[in-house]
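These are my notebook entries on a structure that is new to me. I set down what I looked up, entry by entry.

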Amino acid sequence: MKKIQSTCNICSIGCNLDFYVEDNKITKVSPTKNYPVNKGLACIKGLNLDKEQIKGEVTKKPLLRDESGNRNEIEWDEAFELFAKKMSDIQSKYGTESVAFISTGQITTEEIALLGHVARNFMKIPGDGNTRQCMATSVVAHKQSFGFDAPPYTLKDAELSDTIIFIGSNPAIAHPVFWARVRKNKDAKIIVIDPRKSETAKYADEWIDIKPKGDLTLLYTLANVLIENDWIDKEYIKQYSEGFEEFKNHVSKFTPENSFEKIGISKERILNLAKTIHDGKRVSFWWTMGVNQSYEGVRTAQAIINLAVMTGNIGRPGTGANSLTGQSNAMGSRAFSNTTGLFGGGDFDDILRRKAVSKALEVNESLLATKATIPYNVIVEKAIAGEIKGLWVIGTNPRHSWTNNSEFKKAAENLEFLVVQDIYADTHTSKLSDLFLPSVPIIKKEGTLINLERRVSKVNPVIPKEEDELTDYEIIFNIGKALGMGKLLDNWKTPKDTFELLKKCSKGMPCDITGITYELLEGEDRTGSGGIQWPFRESEALEEDERRLYENGEYYTPSKKVKFLFGDISKNPVAQYDEFPYILNSGRGSVGQWHTSIRTREIPDKLKTWPEKAYVYMNPKLASKLKINENENVIIESINNSRAKFDVKINDMVKEDQLYAPIHYIETNSLTPSVYDPFSKEPSFKTVAIKILKK
């Protein structure tokens, strides 16, 4: 029996797991004891990675839809040639950017990068990732405030804080291994800011039950109270920041007295929260999708950053303005996808960066993509409008997960050629495809993932591929060959080759990984290592397993100072009113569920604790008022004129005029709006106005 250490590719924690293998079969999965991320813990999702592709429609050969609508197996070489011909013909007929791709944060960094080379550099097409749905807001906030998408923290900071504030974050469900580390910190006061009494809020010392989308007003009001009481770190502000005086003037109009109507929190509770922040010696602020998935998410995230900076709670152990990522390799996508920035970071019109990247890749600078991609929502809109005719979807399920998801269905139906590449042929999106390209799960791959705290971890093949099976890397590489890339693929033959290219691209950048090697990630004795956080430069010695940024007060802006950024409060474009009197919120349903439930359906039924049918939480008072019983099926209609059926679960975790539905059911995102943050273009999945219709 062999023990092979690898990395889970479901959520962003990046737990390491030990796979015990005998006769090319996995006999046991257990969490790696000494890995600094999970320290011998794992959740039900990771512990069932060995079950992937047991349920659902799985094929080893591509499927091509015929004129009768049936899907038939074809050979791989035929699929690659067909892809190249169809996409090239569309580009010849309608223009280069009439083809696009949508990728994922759940494939390896090397696969993401190879896709960026084939699709962006060679095909010259736009392409975005499903990380646009979860992390674009934090990315833009980091870039604008810090000067680079560089979250400052290590997960250990949660164990070192004396005050932990979660904002729009429910780690008890969304990040259970991280939550276990929080629970170990018996000295910390835990505060949860959320409209719903989430599972995390139930365990907290204090629940700040704000009105939906009252978060930005609350944060500005807190800032004003802290300033008025002189509860700020003037020396840190003076030495390491810029724009504070303008920020101070902006928040001066947000007082506890005039903010109550917007946030629903009394003056006394606001003052008490501000004092708690002031009294804390090591305060950490953590946010997730409740902040990111908003029509004003970037400014809300920056308001959290502002609070951390003005109180000196950044760059020290147990502190930070810390965004909790969603997907396993969102960070790899953010840094190395070649979509919104060059490999390793930098704008596409940055002359010096273009030269550095072209030199690293050993290509002429003219080959590099010349501009940032259009975002996900524009790709969908252009497909509906008939401007995009060919679409390549890799490892994601937008027919289910995209906001107002019937819009993606319209887009798919309007395409001339839809290619879906996935490990399952029966996802909601795969079933719409003209050509389906089957890939293998993570347990048969090699590469790296980068987790939410910037940690690069190794993915190792646990069991071998079977005949006709290909990894996403091999599929993308062969598509490149069929497209005629020739020698442009010479340096990209293996995932390890690509990793070496990315190291060169990252040199001198904040995400410098020039000191990391596959061998170092695996441990010199081949028994595994603890992964390595970037930056880790060539010739540096790894002295600590867990390292934070900005300890010296230096940021990545031109001035080396963090920026105070802010804006006016926006009006909710889908707010409740007489005809739509209730608010629908959404998020995770249980620890065992993940995104569109395609992968986590593999978890054995005896371990499942969630219903098969879509459900919604409703307050007992509202249920009584509407004469709705437990498990009664109702129709919910949203302000965007979409309707869906849900079973009602009566629960006092939601307030009387609010409902909450898990995202794991396709019905939920049929109701969410086509509304986006103006800076990040992330969808505003939260707080849409609805009405309830009894059947």
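**Entry 1: the antiparallel sheet**

I began with a single pair of residues: in β2, Leu17 is the bridge partner of Ser6. I note that the model is a predicted one.

I then looked up how β1 and β2 are joined. I found 6 bridges between β1 and strand β2, which covers residues 16-22, and the two run antiparallel.

Next I asked in which order the strands of this open sheet stand. I recorded 3 strands in the order β1-β2-β3, with antiparallel pairing. The edges are taken by β1 (2-7) and β3 (25-31); each has a single partner strand, so one side of each is left without a neighbour in the sheet. On average, neighbouring strands here are turned by 30° against each other, direction ignored.

I add a general remark: strands of a sheet pair through backbone hydrogen bonds, either parallel or antiparallel.

**Entry 2: the parallel sheet**

I turned to an open sheet of 5 strands, whose pairing is parallel. I wrote down its order as β10-β9-β8-β12-β13. I found β10 (206-208) and β13 (320-323) to be the edge strands, each pairing on one side only. From one strand to the next, the twist averages 20°.

I examined one pair of strands within this sheet. Strand β12 (residues 283-287) is joined to β13 by 4 bridges, and the two run parallel. I also noted that Ser323 in β13 stands opposite Trp287.

**Entry 3: cavities**

How many cavities of 30 Å³ or more does the structure hold? I recorded 5 of them.

I chose the second largest cavity for a further look, and its space comes to about 90 Å³. I found 13 residues lining this cavity, and the closest to its centre are Cys8, Cys11, Cys15, Cys43 and Val177. I sorted the lining of the second largest cavity by class and obtained 10 nonpolar, 2 polar and 1 charged residues.

**Entry 4: helix α21**

I checked the length of helix α21, which runs over residues 495-506. At 1.5 Å a residue, its 12 residues should span 16 Å; I found the end C-alpha atoms 16 Å apart, which agrees.

Which residues of α21 are buried? I listed Pro495, Thr498, Phe499, Leu501, Leu502, Lys503, Cys505 and Ser506; for this list I took buried to mean under 20% relative accessible area.

Last, I looked at what follows the helix. Gly508 comes after α21, and the phi of Gly508 is positive, near 80°.

Methods
Residues numbered from 1 in each chain as written. Predicted model: local features only at pLDDT ≥ 70, side-chain atom pairs only at ≥ 80, totals over all residues. Heavy atoms only, no water. Pairing = 2+ DSSP bridges. Axes fitted to C-alpha atoms, helices over the stretch in contact; angles between N-to-C directions. 1 Å grid on protein atoms, 1.4 Å probe; cavity = no way out; pocket = protein on both sides within 12 Å on 5 of 7 lines; lining within 4 Å. Points joined across faces, edges and corners; volume = space filled by probe spheres on them. Nonpolar A, V, L, I, M, F, W, Y, C, P; charged D, E, K, R; others polar. Expected span 1.5 Å × (residues − 1). Buried < 20%, exposed > 50% of the residue type's maximum accessible area, 1.4 Å probe, protein only.
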